[in-house]
Amino acid sequence: MSEALLSVADMHVSYGRVEAVHGVSLDVPKASIVTVIGANGAGKTTLLNAIMGVMKGKGSIEFDGRPVADLSLEARVADGLCLVPERRELFASMPVEDNLLLGGFRRSRSERSQALAETYARFPRLQERRRQLAGTLSGGERQMLAMGRALMARPRLLMLDEPSLGLAPRIVRDVFHIITALKDAGVSILLIEQNARAALQIASYAYVLELGRVTAAGTSAEITDNPRLVESYLGLGGASY
Amino acid sequence: MDSTIVLFLVQDAVINGAIYALVAIALVLVFAVTRVILVPQGEFVAFAGLTVAALEAGRVPPTLWLLVALGFLAAISSIVWHWREMNGTRFLKVIASTIMVPLILIAVTKFIAPLKLGLAANTILTLLLVVPMGPLIYRIAFEPLAEASVLVLLIASFGVYLSLVGLGLAFFGPEGVRTAALSDASFTAGALIITGQSVAVIVVTLVLLAGLALFFGLTLTGKALRACASNRLGARLVGIPTSVAGQVAFGMAALIGAVSGILITPITAIYYDSGFLIGLKGFVAAIVGGLASYTITALAALGVGLVESFSSFWWSTYKEVLVFTIILPVLVWRSLRSSHLEDEE
């Protein structure tokens, strides 16, 4: 693996006295897509929240060679970490364009207007809807807005929590195309997906999380060739994305 | 009752309503951004009135010492709560914002106060002394509780209110103050005499409300505050520091309160504890607006002013009772109309 942009070691996260993530370690190399797959309740979202700083975790997090575990969430955003959460967490009562501009809150005015133009180029749909309130968008548009808002911060690492959740298959395909395009543009991606088959098709490396522990890790090809994992997470046959 | 009396009562209602509108808007603003029901909002009004009166008399306002006391408490609170992230620069920042700023204000005030420079200088100095109290109070009492429930925040808010009233008595004493009118001009319209003071209250209120609307509608900072109100986690995820947003909201509430205090002190005598009733009437209006809508809140404040002024004519003994009774039908109507919204988080 090439040099890691994000390196998490021995991460433990608890809800009160109940530990949900037990000593997980993972690396995300520069300009690559890494996926964490696993069943509901495996601790995927908890892990992402701890890396982002939404939840407190114990363990080391290095981002671009610097420890960030003691930084606040806001400081991690300023450093170039960005999370698109499962529930999108948009500003529903505000127009699409204001949502995007706030995504660039940490950037200078000129960077923000440039990022807005790039975001509209990537998501023409958002430009069409730019005066519409975010709360009135369809599911696919909301996911695009959530990703667009995150990109406005010009992240070096984008973490996506279940970007395909609740979306029609055609829209899932669009979203995954965009994720691949982002990687090609140099953004590293940490992708969490229940749709393991789709995730493995675009990711170069994968971790399997079961009950808060990494039980398997390898290149996407290695994971796809593992008979036990195929049965647990990929089903037999079935449609790809 | 003839039309002159009606007009007179309406004028009175509009002036009081304007003050209640300002207080109510500040309550809505603070609640939206921080989920705190700011019980001590009226204290900013009272402290500003007492400060401007002291300056008018050429005395050094005791507000200074209150500000220094709050600054020291905020410094201790910031250092204790952010112990882990504390480094040299951060420490200097904390000391500069909590201790150096009040000390500079002491020097400036001690120099300026005996000069009796007039209304404009007194107003600016009063704002400089009262507005920083907002962010300091947030840092002392509410920042450490940012993740607490609305109920805990309300209890803390009452605690802050009780402390401020006690401190107000200690620093300002029990005497009431009244200042000279902001303007000596007066006009007659038919039988009605319109004073320059009432015009000043209404114009300043409208300008302040318009300024707030522009701030929230057009500036990125204003939008960031609305974002905190709309989705707290979303706001944090785009890197909006919610503690700074809380300080800004409290600073704006203190600004609005201080302006109200400067406007109201020429109309009615202000004591160290006058803030509570003013705050409570603003609260009635804020509740009518559901602690969310600025427009409904401002109109409701006008309604509170009307009820107050007409009931004081017809039924003055029960004036306050009537005003606070408005809240009952509104609460019943709201509880029937909306499903249970408490503790969404």
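In which sense do β9(A) and β10(A) pair, and over how many bridges? Here are some notes on this predicted model, beginning with that pair of strands.

1. **The β9-β10 hairpin of chain A.** The pairing of β9(A) with β10(A) is antiparallel and runs over 6 bridges. Within it, Glu210(A) sits opposite Arg213(A) of β10(A). The hairpin has 2 residues between its strands, and Leu211(A) has a positive phi there, near 45°. If you are looking through the backbone angles, Leu211(A) is a spot to visit.

2. **The sheet around it.** These strands belong to an open sheet of 6 strands in chain A, in the order β6-β7-β8-β3-β9-β10, with mixed pairing. At its edges are β6 (81-84) and β10 (213-219) of chain A, each of which pairs on one side only. From one strand to the next, the twist averages 15°.

3. **The other neighbour of β9(A).** Strand β3 (residues 33-37) of chain A pairs with strand β9 (residues 205-210) of chain A in the parallel sense, over 4 bridges. You can follow this pairing residue by residue: Thr35(A) has Ala206(A) as its bridge partner in β9(A), while Val36(A) stands opposite Tyr207(A) of β9(A). As a reminder for reading such pairs, side chains in a regular strand alternate between the two faces of the sheet.

4. **A helix across the sheet.** Helix α7 (residues 169-184) of chain A lies across three strands of that chain: β3, β7 (157-161) and β8 (188-193). Its direction makes an angle of about 155° with β8(A).

5. **Helix α7 of chain B.** Turning to chain B, helix α7 (residues 150-172) has 23 residues. From first C-alpha to last, α7(B) reaches 32 Å, close to the 33 Å expected at 1.5 Å a residue. Its buried residues include Leu153(B), Val160(B), Tyr161(B), Leu164(B) and Phe172(B). The packing partners of the buried residues of α7(B) are α1 (3-34), α2, α3 (63-81), α6 (133-142) and α12 (275-288) of chain B. Just past the helix, Gly173(B) adopts a positive phi of about 80°.

6. **Gln41 of chain B.** Is Gln41(B) buried or exposed? Gln41(B) counts as buried because its relative accessible area is 0%, against a cut-off of under 20%. Gln41(B) is part of helix α2 (residues 41-56) of chain B. Its side chain reaches the backbone oxygen of Ala253(B) at 3.1 Å. Apart from neighbours within four places in sequence, Gln41(B) is in contact with Val23(B), Ala26(B), Leu27(B), Ala253(B) and Gly257(B).

Conventions:
Residues are numbered from 1 along each chain as its sequence is written. Chains are lettered from A and ligands numbered from 1 in the order in which they are written. This is a predicted model: local features need pLDDT of at least 70, side-chain atom pairs count only at pLDDT 80 or more; totals for chains, interfaces and linings use all residues. Side-chain values use heavy atoms; hydrogens and water are left out. Buried means under 20% relative accessible area, exposed over 50%, partly exposed in between (1.4 Å probe, protein chains only). A polar contact is a pair of N or O atoms within 3.5 Å; within protein, one must be able to donate a hydrogen and the other to accept it, and residues adjacent in sequence count only if both atoms are side-chain atoms. Contact means heavy atoms within 4.5 Å. Two strands pair if DSSP finds at least two bridges between them. Axes are lines fitted to C-alpha atoms, for helices over the stretch in contact, and angles run from 0 to 180 degrees between N-to-C directions. The expected span of a helix is 1.5 Å times one less than its number of residues.
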